[in-house]
Amino acid sequence: MISTYLKPLAEVDAARADHLDFIAELERDGFAVTAGRIDPPTGGIILLDVDTEAEAQELIARDPYVVRGLAAYSATGWHPTRGVLADYKRAR
């Protein structure tokens, strides 16, 4: 999932702790593989381990950034075939 911030960075940062708690929950549940902010900070990327885009959209709808109207996400499917994630094994 690739996010784009819809509000000024100061507003986004005010909700960042809640957003990071949400990401930690996704990690604990085995859905988030990795995540990080885009540089310059105009959004971020969350690499989700899900079977469908609908599942990704359902998860991301709970992100405090989305709930508070601070960011919008677009889905991009991806299947790693090289590098450290080529042999990735599902955590759940």
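Reader: Along β4 the side chains alternate, so which residues point to one face and are buried?

Author: In this predicted model, the strand β4 sends its side chains to two faces in turn. Ala-72 and Ser-74 point to one of these faces and are not buried. The residues that point to the other face and are buried are Ala-71 and Tyr-73.

Reader: Which residue stands opposite Tyr-73 in the pairing of β1 with β4?

Author: The strands β1 and β4 run antiparallel to each other and are joined over four bridges. Within β4, Tyr-73 is one of the residues whose side chain is buried. The residue that stands opposite Tyr-73 is Ser-3.

Reader: What is the bridge partner of Ile-2 in β3?

Author: β1 pairs with β4 over four bridges, and β1 also pairs with β3, again in the antiparallel sense, over three bridges. In the pairing with β3, the partner of Ile-2 is Ile-45.

Reader: How many residues lie between β2 and β3 in the hairpin that they form?

Author: The two strands run antiparallel and are joined by five bridges, and one position in this pairing is Thr-34, whose bridge partner in β3 is Leu-47. Together β2 and β3 form a hairpin, and the number of residues between them is five.

Reader: Is Gly-43 buried or exposed, and what is its relative accessible area?

Author: Gly-43 has its place in strand β3, and apart from its neighbours within four places in sequence it is in contact with Ser-3, Thr-4, Tyr-5, Arg-37 and Ile-38. Gly-43 and Tyr-73 are 30 residues apart in sequence, while their C-alpha atoms are 8.9 Å apart in space. Because the cut-off for buried is under 20%, Gly-43 counts as buried, and its relative accessible area is 0%.

Reader: What is the relative accessible area of His-19, and which residues does His-19 touch, not counting residues up to four places away in sequence?

Author: His-19 is found in helix α2, and it is buried, with a relative accessible area of 8%. Not counting residues up to four places away in sequence, the residues that His-19 touches are Ile-46, Asp-63, Pro-64, Tyr-65 and Tyr-73.

Reader: Which residues touch the most other members of the largest nonpolar core?

Author: The core has 19 residues, and the elements that give two or more residues to it are α2, β3, α3 and β4. Leu-26, leaving aside its neighbours within four places in sequence, is in contact with Phe-31, Ala-32, Leu-48, Leu-59 and Arg-62. The members that touch the most others are Leu-26, Ile-46, Leu-48 and Tyr-65.

Reader: Which element supplies the largest share of the lining of the largest pocket?

Author: The largest pocket holds about 620 Å³ of space, and of its 22 lining residues the closest to the centre are Leu-47, Leu-48, Thr-76, Gly-77 and Trp-78. By class, the lining has 15 nonpolar, four polar and three charged residues. Both β3 and α3 supply at least two residues of this lining, and the largest share, four residues, comes from β3.

Reader: Which residues lie nearest the centre of the second largest pocket?

Author: About 170 Å³ of space lies in the second largest pocket, and its lining has eight nonpolar, five polar and two charged residues. Of the 15 residues that line this pocket, those nearest its centre are Arg-16, His-19, Ala-35, Gly-36 and Arg-37.

Conventions
Residues numbered from 1 in each chain as written. Predicted model: local features only at pLDDT ≥ 70, side-chain atom pairs only at ≥ 80, totals over all residues. Heavy atoms only, no water. Core = buried A, V, L, I, M, F, W, Y, C linked by side-chain atoms within 4.5 Å. Buried < 20%, exposed > 50% of the residue type's maximum accessible area, 1.4 Å probe, protein only. Contact = heavy atoms within 4.5 Å. 1 Å grid on protein atoms, 1.4 Å probe; cavity = no way out; pocket = protein on both sides within 12 Å on 5 of 7 lines; lining within 4 Å. Points joined across faces, edges and corners; volume = space filled by probe spheres on them. Nonpolar A, V, L, I, M, F, W, Y, C, P; charged D, E, K, R; others polar. Pairing = 2+ DSSP bridges.
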